[in-house]
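Here is a short exchange about the empty spaces inside a protein model. Each answer sets a value against the rule that gives it its name.

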Amino acid sequence: MWLFDMIFEARVWKFPDNINTDLIIPSGSIYLSAQEQARLAFRASRPGWVDEVRPGDIMIAGRNFGMGSSRPAARSLKLLGLSCVIAESINGLMFRNCINYAFPAMECPGIAAAFEEGDVARVDFSAATVRNTRSGTTLTARRLPPKLLDLLEAGGIYALLEKQGIIEPLQSAI
Amino acid sequence: MGMTLTEKILARKTGQAKVSPGDLVTVDVDTVVFVDTMFVPTRWRKIKRLDHPERVVVVLDHRAPSPDRQGAATHQIARAFVEQFGIERFHDIGYDQGISHQLVADHAYALPGSLLVCSDSHTGSAGVFNCLARGVGVPDVVYAATQGETWFIVGETIRYVMSGRLPRAVTMKDAFLQIAGQYGDHTNTNVEYGGPALAHLSISARKTLTTMSTELSADFSIFDPDEIMVDWIRARTNAEFECFHPDADAGYREVRKVDLGALQPLVAFPDSVIENSKPVAAAAGTRIDQAFIGSCANGTLEDLALAAQVVRGRRVDKRVRLIVTPRFAERIPCRSRDGHHQHTRKCGRGRDQFDVRRLRRDAHGNTGRERDLHHVVDPQLQGTDGRSGRAHLHGVSGHGCGVRDPRRHHRSAGIPELNMNRHDAKNAKRNKIYRHDAEKGREMPDGAVRIQIGSSLRLSPRLRGSICVCLSWRSRRTPQGGIEKNLGGGCGFLT
């Protein structure tokens, strides 16, 4: 659920190391709408998962999360209702897309071992901590620079540029 | 402590004396490349204001020529954008067409010490020119184009010092597969390439490494500058630039040595190129269903010539589908009789050559439809697995339809010396392709000439099934009053 100050507390979905963007947005889906693309997430490796996600759920992944294409994989995860992603490490391009599409993402060493799927995580982006409410373990994540936290809260790059009158709004969501 | 190449250029861009890993920097962007996937109707946000259209390059390359209605609509949006802001560096379908990374190289859009962003993930390719280049997201590109700046979190750097010479039938793709197999992912890390081996590596060969660094999950990938690189740039632009070297006491996360002479042909097995490389012998005899030579990592003339060394005179097995997709237009500067530089362009324009999945990576679910098995290899004779589902080969097939060691089939003493970065007559003469280009082009500027890469002009029935590049010449006057020779054509097979 969305709390204030970038704090999230919700059920955890766990994903392994090296999640490639092709798994999140299959390459043939380029012309589909953002919503349609989101429905295809993990179709190859975890069919049916998109139907199980509840709004606010948290994704936890291993090393090298989101490697691959510049496709808006972060947009798909956000549209599915996930509140944020926490991973051991996040590919640089994927991380940019997360911030720019206003999908909070943070790297947290030890995260994969500290959570079982179905655990509840309490993630505090301002304090850069992740707590497993079942086991009580609290981990320290890599703190996002204040400027990027501001960008997340502003709703991402498009919201920012739209506000400044530099780009036109899109008809559909995001 | 000193700075690495990446840190040094970022420091210069920010005007700071020093930047260090972990810093968030906001930097001016020199070049912003828009590829056609930016303009997909469901993705595109119409830009109202663009302060520096001269910094923008627009390239239609992912879906060009458009294979479908949506692609055509996408291209229309791109053309409207170009017209709206009067963007001059526009590569529409035609003689100026090509994969963006190749065009960036061929037109010297990426200058040493500059910063370039593009929404294609393999943009790091331009790092070969001592340029900070990086694939970013679609919103990033819009932001950089409209605001003139972008942000980066400075990562640590790993430096690869390369020595030795590549053995026969071993390429820089194998160097990449060695690094990916041995060291795994490089997430949040910049990679820097240097060392004495550069003296023997063409721009094309180096570019395979910078392009594939995306598959290491690296941030920036960049080469040390040298004479070969400066020659390449100088032959293509008069723009001023400054080369950067890392400090002797730079703080690297690690410095790793790579002896190119000790490398062997490798294959990345299905699903990942990370920690998945095996010697070609491990795939020997695996049946090949489909072979592919091309992509932005291995689609240059030099790659095709290398592949031709293997397939020359052989026929493609009936059970193998061989697909060749050059990544050029390649602009090859040549000297005209009066001593001025002219630019010759080689444009591969096969009907479907740009409408392919440009395969440098493999992930389960790449197609999202079926269980394909992709093997990533160098552009020679290597193969794939046909045990279940369909199989693809990222390389070239040849005699028979199984995986073989390319060293057994490679006929030259080494990698063909194309010297594409050299533009003097001596080097042009040394290479048959360019000699034919240059001579025939002058003799019949509006005619057509057929050449077979890596071989002579004589076409013998014996060569049926081998790779052929068809070229046609056209001369035109440039606005500056010079003559520019454009070379168009496509790639196919002799039948």
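**Cavities in a predicted model**

Q: Which element gives the most to the lining of the largest cavity?
A: In this predicted model, strand E6 of chain B gives the most, with three residues. Helix H5 (92-100) of chain A and strand E6 (132-135) of chain B each supply at least two residues of that lining.

Q: Why is the largest space called a cavity?
A: A cavity is a set of points where a 1.4 Å probe fits but cannot get out. The search of the whole structure found six cavities of 30 Å³ or more, and the largest has a volume of about 160 Å³. The name therefore says that a probe placed there cannot get out.

Q: What makes a residue part of the lining?
A: A lining residue has an atom within 4 Å of a cavity point. For the largest cavity there are 16 such residues. B:Ser121, B:Gly135, B:Thr214, B:Ala218 and B:Asp219 lie nearest its centre.

Q: Why does B:Gly135 count as polar?
A: The polar class takes in Gly, so B:Gly135 belongs there. The lining of the largest cavity divides into four nonpolar, 10 polar and two charged residues.

Q: What makes up the lining of the second largest cavity?
A: This cavity holds about 100 Å³ of space and is lined by 13 residues, with B:Thr171, B:Ala205, B:Glu302, B:Asp303 and B:Leu306 nearest its centre. Helices H5 (172-183), H6 (203-212) and H8 (301-311) of chain B each give two or more residues to the lining. By class, the lining has five nonpolar, five polar and three charged residues. Glu and Asp count as charged, so B:Glu302 and B:Asp303 fall in that class.

How values were computed:
Residues are numbered from 1 along each chain as its sequence is written. Chains are lettered from A and ligands numbered from 1 in the order in which they are written. This is a predicted model: local features need pLDDT of at least 70, side-chain atom pairs count only at pLDDT 80 or more; totals for chains, interfaces and linings use all residues. Side-chain values use heavy atoms; hydrogens and water are left out. On a 1 Å grid over the protein atoms alone, a cavity is a set of points where a 1.4 Å probe fits but cannot get out, and a pocket is an open set with protein on both sides within 12 Å along at least five of seven lines; lining residues have an atom within 4 Å of a point. Grid points are joined across faces, edges and corners, and a volume is the space filled by probe spheres set on the points. Helices (H or I, at least four residues) and strands (E, at least two) are DSSP runs, numbered from the N terminus.
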